[in-house]
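I opened my notebook to look up a few things about rings and buried residues. Come along and read over my shoulder.

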Amino acid sequence: MSAQTLSFIFVGLSFALYIGIAIWSRVGSTKEFYVAGGGIHPVINGMATAADWMSAASFLSVAGILAFTGRDGAVYLVGWTGGYVLLALLLAPYLRKFGRFTVPEFIGDRYYSKLARVVAVVCLIFISFTYIAGQMRGVGIVFSRFLEVEIETGVVIGMAIVFCYAVLGGMKGITYTQVAQYCVLIFAFMVPAIFMSIMWTDNPIPQFGLGDKLNDGSGLTVLQKLDQVTTELGFNTYTVGTRSTIDSLAIAAALMIGTAGLPHVIVRFFTVPKVSDARKSAGYALVFICIMYTTIPAVAAFSRLNLTESVNEVAYSEAPAWIEKWENTGLIAWKDKNGDGIMQYRPGHAFSPTKPVFTEVRGTYGERVVSNELTSNANEMYVDRDIMVMANPEIAQLPNWVIALVAAGAVAAALSTAAGLLLVISSSVAHDLMKRTFMPDISDKRELLYARLAAVVAILIAGWFGINPPAFVAQVVAFAFGMAAASLFPPIVMGIFSKRINRSGAVAGMLVGLSSTLAYIVYFNFVAPEMNNPEHWFLGISPTGIGTLGAALNVAVATLISRFTAPPPVEVQAMIDDIRIPAGAGVAHEH
Amino acid sequence: MKPNSDQPTHSVKPGDDNNVYHHDAAENLPPHSHHDGETLKEIDVEAYWRANVRVLIVLLSAWAFVSLGCGVLFSDWLDQFSIGGFPLGFWFTQQGSMLCFVAIIFIYHVWMKKIERVHGVDDDDKSGDTGAPS
C-alpha cells in the first residue's frame, strides 16, 4: 500500500479513537468540564500532561533545530524540561491545595482584586493564542504533505476533531484523549529513531546509539563522524557551541520559568486527588516527556548524517524521491549556482531572501525555479528545518507504515496541545470573566454553556491562524514562553512564598513584566529586524531569552511597590497559610 | 493558625461567607484518623514550613547547578571528561540534565512525604478509600 493510503488509514483510525473517547467521557458539570472532577490518577495525569505539553513544535521542530544547530540547540532541551522542576517544587502542590479551576482565579483571590484577575486572563489568552497558532500550522504541514489535501481542508478537519472532544468532553474528555495521543505520538517518534539507530550503529536504543561507534568499520563514533562532516563542509562543528554564555543562560532560564508559567500545564495539576499526587504527577509527566526528549538528540544527529549523505554532492537527476516531494510543498529548494547539475549543501543561506520564492517554470533538470536573488556562497540548497522529523523515514528509506505512523503522531501532538489550550481559554473566559467578574449570578448550567461557546469561538480563531499562518509562527511559540515567564510565573510564586506582596505590587509587576518583554520582542522582530543581532541586544540577550529579565523586573517592581503600600488583608494571609499545608485538600470546587 | 481545642484538626477555620477565601467546612475534614484522639500532637506549622523551604533551597540549588551550571556555564570545561562515547558537557546538555531533573522531582516527593509525616500535615488517606473525595 502506498504511504498516502496508509497515512489516511492511520490518521483516520486515531481520529476514530479520539472521538470514541469523547463520547464515552461526556461531562455534565462545570467541575468535570474544568478539572475532570479532580479524580485523575497521578500516572494518567502525568501522561496527559506530557501529551498536553509536547506540541507539534516538540514533535516536528525541535529535532530539526538540533540537527541544524548542534550544541547550541540543546539549550531548548534543558530549558523546556528544567521548567518541570520549578513547576513541581514551587507551584503544583500549592495550587492543588488552593483547589480552584484556573490560574487567573488564584491570582484574583490571592491579590483580592478583580483587576489582577482580568490582567491574568489577558496574559493567559495572549500566551495561549500565540501557542495555538503554532499547533495549527503543524497540522497544516502534515495534512498538506502526507494526505496531499489542501492545508485549509486539513485544518478544518483537525478543528472539527478537537471541537468534538474538547467542547463535549471538557477536561475529562481531554485527559483521556491525551493519554491515547501520548501513546500514539511516542510510538510514532520512537519507531523511526530506533530504525535509524540500528542503521548507523546496530544499537537499538537511540539514546545509547548516539554515543556509540558507527557500524561502517571506520572506528569513529557518531559524534566524531558528525564533527568531521560538519567541519569539512564548513558548518559549525556539531558538538561545539557558538552562542554567547550570557545569552544561553538567559534563554535556558526564560524557557524554564516560562514552562512553569504555561497556564495549560499548570491547570493539569488541579485534576489530581491530593497534594502529594500533584508532586508525583509532575515527576511522571517529566518521565514521559524525557522518553521523547532524550531521543530527540539522537534523531537530530542521525538525520543530519542522513541528510548530508543523501543530498550533498548528489546529482539532482539521481536525487531520492523525497526531495522532489518536499520541493513540491515548497520546503526544499535547489538552485544550480555552478551549473554542474549536482546539489552542493554548504553553510550559509543559498538565497536572499532566505525563503524560496518559486516561479511556475521548471529548470533544466526538472527542479522548481526560484526567483530569489542568489547569494555569493557555494550553498545551493534550502532545507526547511521543520521537515526533518517527517522526512526522516523517507530519507532513511523506512517502510511506508512508518511514514504513516509519523503523520498520525504529528497530528496527535498538535491536537493534544491545541485542545489543552482551548480548554484554558474557554474556562478563563467563562469562569474568570463571566462568572467571577461580570455576571456572578449565572447558574452552573449557564456557565458551562458559556465555556462551550468560548471554546467554539477559540477554535474558530485558532483555525483562522492555521489557514493563514503568520510567517513568524516558529519564533512566536518560543516567545509565548518568554511572556509566560515575565507575566504569570512571578505573581503565582510570590503569592505563595510571600505574605507581603499585595494587590498593587502584583498588578504593576505583571503589567511591567509583560509589556517590557513584549516591547523588546516586537521591536527586534517587527519594528527593526535589521537590528536583531548581539551587537544591539540589551546585555547581549536575544529576544528569545528576554523573558528572564522580564521576570526579574516583574519581581522587582512587585516587591518595591508592595513595600510602600498596605499589606494584604488578614483573611488573605490565612489563605496563604492554608495553601502551604498539604493536608485537607478537597476536590477543586466551585465558589 | 493554631488548631484550637474544640476542633481536632489542623485545618484552617473556614472564613465567614464574605471572605475572599472560604472552603466548605466539610471538605476541609477528610478522614484523617491518625490525627484524631489522644495521639494528636500539636502541629507546628512554622517548623513544617521552615523544613519545606530548606528542602526547596537544597533541591533548587541542585537544579540550578545541573541546568545552568553543567548545561551552560561549565559545560565546555566538562567536555574534557567523557561518558559512554559522549564528551561529558555535551552529554549534560543532550541527556544528562533531563535525567537529573527527573531524579530531583522524585527525591522531592519522597523527602516531603517524610517531613509531612513528622509534622503531621500529610494528606495520606488512611481510611482505605483511595478514590477522590467528591
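Entry one. Before looking at any helix, I noted that a residue counts as buried when its relative accessible area is under 20%. I also noted that this is a predicted model.

Entry two. Which residues of α6(A) are buried? I found A:Val103, A:Pro104, A:Glu105, A:Phe106, A:Ile107, A:Gly108, A:Asp109 and A:Arg110. That makes 8 of the 8 residues of this helix of chain A (residues 103-110), so the rest of the structure largely encloses it. Following α6(A) I met A:Tyr112, which has a positive phi near 35°.

Entry three. I turned to the rings and found 19 aromatic pairs over all chains. One of them joins A:Tyr94 and B:Trp49; the ring centres are 5.9 Å apart and the planes lie at 70°, so I wrote it down as edge-to-face. This pair crosses between chains, with A:Tyr94 in helix α5 (residues 74-98) of chain A and B:Trp49 in helix α1 (residues 45-73) of chain B. I looked up burial too: A:Tyr94 and B:Trp49 are both buried.

Entry four. Next I looked at A:Tyr520 and A:Phe524, an edge-to-face pair with 4.9 Å from centre to centre and 65° between the planes. About one helical turn separates them, because they are 4 residues apart in helix α21 (residues 503-527) of chain A. I found A:Tyr520 and A:Phe524 buried as well.

Entry five. I added an aromatic cluster made of A:Trp53, A:Tyr84 and A:Tyr293. What sits over the ring of A:Phe358? I found the charged end of A:Arg368 there, 4.1 Å from the ring centre.

Methods: Residues numbered from 1 in each chain as written. Chains lettered and ligands numbered in written order. Predicted model: local features only at pLDDT ≥ 70, side-chain atom pairs only at ≥ 80, totals over all residues. Heavy atoms only, no water. Phe/Tyr/Trp six-rings, centres within 6.5 Å; stacked < 30°, edge-to-face > 60°. Helix = DSSP H or I, 4+ residues; strand = E, 2+ residues; numbered from the N terminus. Buried < 20%, exposed > 50% of the residue type's maximum accessible area, 1.4 Å probe, protein only. Lys NZ or Arg CZ within 6 Å of the ring centre and 35° of its normal.
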